[in-house]
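This report covers strand pairing, one buried polar residue and the salt bridges. The structure is shown first.

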Amino acid sequence: MLTAASTPAPANSNRSRLRLFFRLGIAVTLSAALLWFTIQLRPHCSLEKFYIPALNKTSNHPNSTAISLELSFWNRNNEKSIYFDNLSMTLYYYHGKSLISLIGYTSIPEFYQQHRHTKHHAETIQTFGVPWEDVKMKVSNGSTGAVFRVNLVMNVRYWNGIWKSRRHELRLGVNVTINDQGMKSVNSSLRLSNASGPG
């Protein structure tokens, strides 16, 4: 004769536990899928090169008003590609802490970038209104007191293989100090961060 303590658990109790575990499994799976579809990492943008022939003492183009630069874009997402709309780039020169001049601008055509890929873009911009005497004085004698700024404004959409996200606006910028060779004073890449300067 079975006692109350040895009575088997009802079958519907086991079924309830199975349903609970099944629902939890579905919830976890849906949450993971939602995170995968909605979370995207912003692209990294870096300034690789920045060259001003007019400031290079050995340049064959001492009267040039152009600035040449190279940017790199890295899509660090593992599975999501990125569509870049036309990018707007502006250049500025810092006379001092309180005086900043717009000296050039251009547009970079739209492009598509696969996940975990890097794209390099070179550009030569004809400048205007640069106080060259002031700039040359600041970089003379090996000084790196001349500061320029590169700003980028862009809209990006992320593609997860099924649909594109809405457009996300990014405003990035970086300050660049120049040496008497007309190049940026650091050899390493300069990462563009959230723009807090002009523009």
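Ile 82 stands opposite Gln 113 in S6. The model in which this pairing appears is a predicted one.

**Strands S3, S6 and S8**

S3 and S6 pair in the antiparallel sense, with 3 bridges between them. Strand S3 (residues 81-84) also pairs with strand S8 (residues 146-159), again antiparallel, over 4 bridges. In that second pairing, Ser 81 has Trp 159 of S8 as its bridge partner.

Gln 113 belongs to strand S6, which covers residues 111-113. Is Gln 113 buried or exposed? Its relative accessibility is 2%, so Gln 113 counts as buried; the cut-off for buried is under 20% relative accessible area. A polar atom of the Gln 113 side chain lies 2.9 Å from the backbone oxygen of His 117. Beyond the neighbours within four places in sequence, Gln 113 is in contact with Phe 73, Trp 74, Asn 75, Ser 81, Ile 82, Phe 84, Thr 118 and Lys 119. Among these contacts are Ser 81 and Ile 82, the former bridged to Trp 159 in S8 and the latter standing opposite Gln 113.

**The open sheet**

Four strands make up an open sheet in the order S7-S2-S1-S10, with antiparallel pairing. Strand S7 (118-126) and strand S10 (190-191) are at the edges; each has a single partner strand, so one side of each has no neighbour in the sheet. Within the sheet, strand S1 (residues 44-51) and strand S2 (residues 66-74) run antiparallel and are joined by 7 bridges. Leu 47 has Leu 71 as its bridge partner in S2.

**Salt bridges**

The structure holds 5 salt bridges. Three of them are listed here.

| Pair | N to O separation |
|---|---|
| Glu 70 and Lys 49 | 3.8 Å |
| Asp 85 and Arg 157 | 3.7 Å |
| Lys 138 and Asp 134 | 3.4 Å |

The side chains of Glu 70 and Lys 49 form a salt bridge. Glu 70 is in strand S2 and Lys 49 in strand S1, so this pair ties together parts that are 21 residues apart in sequence. Glu 70 is buried, with a relative accessible area of 17%, whereas Lys 49 is exposed, with a relative accessible area of 52%.

Asp 85 forms a salt bridge with Arg 157. Asp 85 lies in the loop between S3 and strand S4 (87-94), while Arg 157 lies in strand S8, so the pair ties together parts that are 72 residues apart in sequence. Asp 85 counts as buried at 13% relative accessibility, and Arg 157 counts as buried at 17%. Together with Arg 167, Asp 85 and Arg 157 are linked in a network of salt bridges.

Lys 138 and Asp 134 are joined by a salt bridge between their side chains. Both residues lie in helix H2 (residues 132-139), 4 residues apart, which is about one turn of the helix. Lys 138 is buried, with a relative accessible area of 18%, and Asp 134 is partly exposed, with a relative accessible area of 22%.

**Strand S9**

Leu 172 lies in strand S9 (residues 168-178). At 3% relative accessibility, Leu 172 counts as buried. Its C-alpha atom is separated by 8.4 Å from that of Val 150, a residue 22 residues away along the chain.

Note on methods: Residues are numbered from 1 along each chain as its sequence is written. This is a predicted model: local features need pLDDT of at least 70, side-chain atom pairs count only at pLDDT 80 or more; totals for chains, interfaces and linings use all residues. Side-chain values use heavy atoms; hydrogens and water are left out. Helices (H or I, at least four residues) and strands (E, at least two) are DSSP runs, numbered from the N terminus. Buried means under 20% relative accessible area, exposed over 50%, partly exposed in between (1.4 Å probe, protein chains only). A polar contact is a pair of N or O atoms within 3.5 Å; within protein, one must be able to donate a hydrogen and the other to accept it, and residues adjacent in sequence count only if both atoms are side-chain atoms. Contact means heavy atoms within 4.5 Å. Two strands pair if DSSP finds at least two bridges between them. A salt bridge is a side-chain nitrogen of Lys or Arg within 4 Å of a carboxyl oxygen of Asp or Glu.
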